[in-house]
Amino acid sequence: MLTKQFLLAIAREYNLSPAETEAFVLVFGNEKGMEAVADELEISPTALRVRLSAVYKKFNINESGSRKLTKLQQFLEGKYIEFDKRGIDSVKPEYFWLGEPLSENRTDQLILQQESLDWALEHAVRIGDTDLLPIPFEYQAIKYNWPAIRQYLLDQNLFEWEVRPYITLLAPKKGYRYAFRDISQIDPLDFIIFAAIIKEIGRDIESIRIPIQNKIVFSNRFLPKKNGQIFDIQIGYLQFEEEIQNIIEQQPDFTHILLVDITSFYQRIHLPSLQKVLSYISKFSMHIKVLMNMLKGWSITEDYGIPVGTAPARLLAEAAISKVDEALLANGVKFVRYVDDFRIFASSRTEAYRYLAFMTEILKANHFEVQSEKTDILSIKSYQEVFSRKKESQKNNAKILDNIYKDVDTNSNTKNKEKNIVLVNEIVQLLRKQLNSEREKSDLGIVKTGLRSLRKFKDDSIVNEILDDDKLVLILPAFGDIIKYLQNLELVLNLARREEIGSLILELVEDSIISELEYYRIWALDLFAISDRWGNHKKLISLLGADLEISRRQLILALGIAKQRDWLLHIKLRKLSNESPWTRRALLAAARCLPDDIREHWFKSVELQLGDVLDKAVTKWAMENPLPNKITSDDSNPY
């Protein structure tokens, strides 16, 4: 029988992919039948034949039927005789990472690199732990105490690390007004470990993906930078669309295009299958073990799902779907992909339909499912008509939005003022079209870019319209961007205007569509959680009595920033340990508002209740970085 080490060495020599290697080793390394191998791989017999077809091609075997299997078996037996004579020591060491750990992983613990931990913190501080929720203040406390926190993480036995309490809630599905998805915000220490692991195994994951130069996969290409960046910002959805147009123009034989999307992509990622992929592509077996323990800790079912909205998790999603890419390539299918959006090219509607059936089977074999609502077969002509309408709309909007970056001059002379007024009016009109749209999906690109543009002009003329309950519902998925827009306006608005806007926001929190979803309440209260310039402090206190669950944390932070000390002094300190970790840390941060003598006594009184390392880090940061005694002036910031 051919040994596993021999087969792994041959697989490496002939550049087999992880999925091909997995099938190759099982088929030629034991006496099981094809159906038994397919069962072990958790794929259909058809999917197994697809993988083996790709293997035969790489060995340049052109026979048909069972003769291919026989010829490859004979070839391997001949190679094995030579291999057996040379002995195991003659095999190059780099082959062993496919099946056995390298010396780097022969210790009994995983020790992450300091550089990776530093990068992970920088990523969290600059980019955020998720693009769906505000960045937790804890990262500022961690940064303040970083040498001690980093050493603490380095000293941990990560095999015994258990995921810490995390936040889960419903959030709007991207681009939809009335569709939702589950999202998570993981504990800051968990995130730093998670991101550092991905940083260290990222190049291995990237190495098994279809190369960038092939112009097939355009999402989440791993390219970390010291500033916390994780992906290549030059490759994305725009390049994906451009390549589709290039294929249509350069290959006229294609008459139809199949659009395929995956249902709940991140939630349906099968963790045991992901672990198999990672085990074949990375020499860092200890990293993978710790990583999978963390993923299972965050998963409701333990077998499915990775965190949504977290940048490092996107690279895992790319690894999980790489087998689908390989199956399409092995069958000579022309396609491009961005995340879970596939565009497959066909020479007839019949061929496109055949690809859809094949795609459905391959996705099912990998525990995914086609999303029927977003899957379609279009003629190239129809696709181009849709694409042209989209591009024309984008072009018309871009004429206005591009002027902001090319022509705007914020000097105060009369000519520039007149030109800027015209530009602002055009941007406002673009946003108003979205506020009056009857479509199920708003153009969030226009909304977000428009808000960013008005922020540059320091213009608040559309604020009241955006915050009108009837209008807001039309652009709800952009609510987080609305809050960011307001946060960047606060220094240019006078006190009366800020308090007016603050009142409008709190009215939405109390009784509107915003009040019905925790996600929106968190974003709304973030306006007050990082600045006291929006007033309405009595309203904030009244909201504490409401059942706001997770957003109570934001209220506590807001009351601390607003120097509302009385409520804090009345908290029964003996019950602090009964609070959830996220709320407890908010109370510790809010205590920054206390006068020096009272603050020192307050923290000493709670010190014995604080055994958690992150609690202690927040306490030290809060003690040594008190808030100013007076309400923040217009030229300062509490952070």
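Analyst: Before the numbers, one term: a cavity is a set of grid points where a 1.4 Å probe fits but cannot get out. In this predicted model, the largest cavity holds about 100 Å³ of space.

User: How many such cavities of 30 Å³ or more does the whole structure have?

Analyst: Four turn up when the whole structure is searched.

User: And how do you know where the largest cavity lies relative to the domains?

Analyst: From its lining. Domain 1 (4-85) and domain 2 (127-374) both contribute lining residues, so the largest cavity lies between them.

User: What makes a residue part of that lining?

Analyst: A lining residue has an atom within 4 Å of a point of the cavity. The largest cavity has 13 of them, and Ala-47, Arg-51, Lys-323, Ala-327 and Ile-362 lie nearest its centre. As for elements, α2, α4, α13 (311-330) and α14 (349-365) each supply at least two lining residues. The biggest share is from α13, with four.

User: How does the lining of the largest cavity split by class?

Analyst: It has eight nonpolar, one polar and four charged residues. Lys and Arg count as charged and Ala and Ile as nonpolar, so, among the residues nearest the centre, Arg-51 and Lys-323 go in the charged group, while Ala-47, Ala-327 and Ile-362 go in the nonpolar one.

User: What lines the second largest cavity?

Analyst: Ile-269, His-270, Ser-273, Leu-274, Val-277, Ala-320, Lys-323, Asn-366 and Phe-368 do, around about 70 Å³ of space. Two or more of these residues come from each of α11 (271-281) and α13, and α11 gives the most, with three.

User: How many of its lining residues are nonpolar, polar and charged?

Analyst: Five are nonpolar, three polar and one charged. Lys counts as charged, so Lys-323 fills that charged slot.

User: There's also a second largest pocket. Why is it called a pocket and not a cavity?

Analyst: Because a pocket is an open set of points, while in a cavity the probe cannot get out. The second largest pocket has a volume of about 500 Å³. It is lined by 25 residues, with Asn-15, Leu-16, Ser-17, Pro-18 and Lys-58 nearest its centre. At least two residues come from each of α1, α2, α4, α11 and α13, and α13 gives the most, with five. By class the lining divides into 13 nonpolar, five polar and seven charged.

User: Which domains feed the lining of that pocket?

Analyst: Domain 1 (4-85) and domain 2 (127-374) each give at least three residues.

User: Lys-58 shows up there. What salt bridge does it form?

Analyst: Lys-58 pairs with Glu-20, with the closest N and O atoms 2.8 Å apart. The cut-off is 4 Å, so this pair qualifies. The bridge ties together distant parts of the chain: Glu-20 in helix α2 (residues 18-28) and Lys-58 in helix α4 (residues 45-58), 38 residues apart.

User: Why is Glu-20 called buried?

Analyst: Its relative accessible area is 7%, and buried means under 20%, so Glu-20 passes. Lys-58 has 35%, which falls between 20% and 50%, so Lys-58 is partly exposed.

User: What makes the Glu-13 and Lys-79 contact a salt bridge?

Analyst: Their N to O distance is 3.8 Å, and the limit is 4 Å, so the pair counts. Glu-13 sits in helix α1 (residues 4-13) and Lys-79 in helix α5 (residues 66-86), 66 residues apart. Both are partly exposed, because 41% for Glu-13 and 23% for Lys-79 fall between 20% and 50%.

User: Asp-615 and Arg-584: buried or exposed?

Analyst: Both are buried, which means each is under 20% relative accessible area. They form a salt bridge too, at 2.7 Å between the closest N and O atoms. Asp-615 belongs to helix α28 (residues 613-624) and Arg-584 to helix α26 (residues 581-590), 31 residues apart. Elsewhere, shared partners join Glu-138, Arg-164, Asp-187, Arg-553, Arg-585 and Asp-612 into one salt-bridge network. The structure holds 35 salt bridges.

User: Last one: how do you know that β4 and β5 pair?

Analyst: Pairing needs at least two bridges, and strand β4 (residues 334-338) and strand β5 (residues 341-346) have five, so they pair, in the antiparallel sense. Tyr-338 has Asp-341 in β5 as its bridge partner. Two residues lie between the strands of this hairpin, where Val-339 takes a positive phi near 55°.

Definitions and conventions:
Residues numbered from 1 in each chain as written. Predicted model: local features only at pLDDT ≥ 70, side-chain atom pairs only at ≥ 80, totals over all residues. Heavy atoms only, no water. Salt bridge = Lys/Arg side-chain N within 4 Å of Asp/Glu carboxyl O. Buried < 20%, exposed > 50% of the residue type's maximum accessible area, 1.4 Å probe, protein only. 1 Å grid on protein atoms, 1.4 Å probe; cavity = no way out; pocket = protein on both sides within 12 Å on 5 of 7 lines; lining within 4 Å. Points joined across faces, edges and corners; volume = space filled by probe spheres on them. Domains from an automatic or database assignment.
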